[in-house]
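Could you take me round this structure, one selection at a time? I have it open in my viewer and would like to know what to click on next and what I will find there.

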Amino acid sequence: MRSLPLICAAAFLTSSGWAATYTFTTPDYTSTTDFTNCTTGPCMNYTTSMNTSGSFTVATPLGPNLTNSNIASLVTSYSFSDGINTYSNTNPNSRLFEFLVSTDASGNISNTLLALQDWQSGTSPHSANDRIAFLVIDMGSSATNNSYCSHVEPAPSSGVADSCSFLNSDTASSDAFVMTGTWMFAVPTPTLGEWETIFLGGLLVTFALLRLRRRERGRTAA
Amino acid sequence: MEIRDGCNGVNVVILLWAAILAYPAGWKWKLAGLGGGMAAIQILNLLRLISLYYLGQYSWPVFEFAHLYLWEMLIILDAIVVFSFWSSRAVTEGSAR
């Protein structure tokens with residue numbers, strides 16, 4: 001069958017992996033602290049009608065029974081909002097400082113230590129005293145806007161360059177806190193997995209060849 | 001439940017179309033096979049998604065079994081049955097040129 005490569009190509013081209021997306025959301029903040037004297041930087045206050053929400057994506061679903069596993073290098077994309085700032089892999093000012101995950105026996109997230117930063121002043125490479133927002137997600141979330149950085153270096157955990165390893169708040173800073181949050185996992189339901197698709201391609205080829213051979217034999221006999 | 005690329009049966013349809021297009025048969029019969037094959041796969045995939053939704057509400061182990069094994073087997077069987085029926089009629093309905 002001359003067009004055998006066509007089927008083989010179709011089998012491989014249609015085979016692909018399925019990314020997993022984990023979504024986080026908190027209730028509205030239960031505690032906020034306003035800035036008292038806006039000396040520098042983008043001063044803004046959180047309100048108790050704001051919350052933290054967002055998601056991250058990995059190439060394959062997280063495994064079961066992980067304990068504080070560093071998955072920073074596995075994250076293909078992320079985007080979180082604390083109500084004022086958006087931390088995203090597409091935001092050039094965002095830094096994924098730390099990403100530790102624990103999962104249960106089913107692979108669902110049971111706990112995280114996710115630390116995200118967003119430079120709010122200066123340009124890369126940043127320096128001490130540049131303003132920065134940061135968001136920490138564990139059982140709930142803790143957000144701080146317009147704090148200042150004391151020390152810039154690559155993040156020890158994630159290795160991300162131009163991160164702030166020591167932050168401080170001052171009178172121009174504001175923060176918010178909530179104790180609880182929920183992780184949800186978007187389950188991909190592919191029609192056929194990679195190997196199953198290739199297997200089906202092989203079956204179709206085999207079936208077609210057998211049927212053609214039978215047809216040829218029928219013509220020869222005639 | 002999230003239905004993404006790869007979950008909509010398009011990859012199976014493409015594979016079936018490739019087999020139909022590669023098989024020697026008249027063009028009219030090939031077109032009939034393309035349309036009928038797509039309909040057969042998509043209808044079964046729709047049933048798959050509906051059943052997985054309700055199974056996911058009822059029991060996660062049953063959902064996993066249906067998702068990872070049962071429906072994959074049924075989709076493969078569906079594609080093979082469609083191609084078998086179509087190719088068996090290819091000689092009588094449309095001869096190769």
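Start by selecting A:Cys38, and keep in mind that this is a predicted model. A:Cys38 has a relative accessibility of 40%, so the residue counts as partly exposed, since that class lies between the 20% and 50% cut-offs. Now add A:Cys43 to the selection: its relative accessible area is 16%, so this residue is buried.

Show the side chains of both and look at the sulfur atoms. They sit 2.0 Å apart, and A:Cys38 and A:Cys43 form a disulfide. A disulfide is a covalent bond between the sulfur atoms of two cysteines. Turn the view to look along the S-S bond of A:Cys38 and A:Cys43: the torsion is about 95°, so the disulfide is right-handed.

Next, select A:Cys149 and A:Cys164. Another disulfide joins these two, with 2.1 Å from S to S. This pair links distant parts of the chain, 15 residues apart: A:Cys149 belongs to strand E10 (residues 141–153) of chain A, and A:Cys164 to strand E11 (residues 163–168) of chain A. The link of A:Cys149 and A:Cys164 is right-handed, with 110° about the S-S bond. Both A:Cys149 and A:Cys164 are buried.

How many disulfides does a search of the whole structure find? Two, over all chains. Counting bonded cysteines along chain A, the pattern is 1-2, 3-4.

For the last stop, move to chain B and select helix H1, residues 10–22. Its 13 residues reach 18 Å from the first C-alpha to the last, close to the 18 Å expected at 1.5 Å a residue. Colour the buried residues of H1(B), among them B:Val12, B:Leu16 and B:Ile20.

Methods: Residues are numbered from 1 along each chain as its sequence is written. Chains are lettered from A and ligands numbered from 1 in the order in which they are written. This is a predicted model: local features need pLDDT of at least 70, side-chain atom pairs count only at pLDDT 80 or more; totals for chains, interfaces and linings use all residues. Side-chain values use heavy atoms; hydrogens and water are left out. Helices (H or I, at least four residues) and strands (E, at least two) are DSSP runs, numbered from the N terminus. The expected span of a helix is 1.5 Å times one less than its number of residues. Buried means under 20% relative accessible area, exposed over 50%, partly exposed in between (1.4 Å probe, protein chains only). A disulfide is a pair of cysteine sulfur atoms within 2.5 Å.
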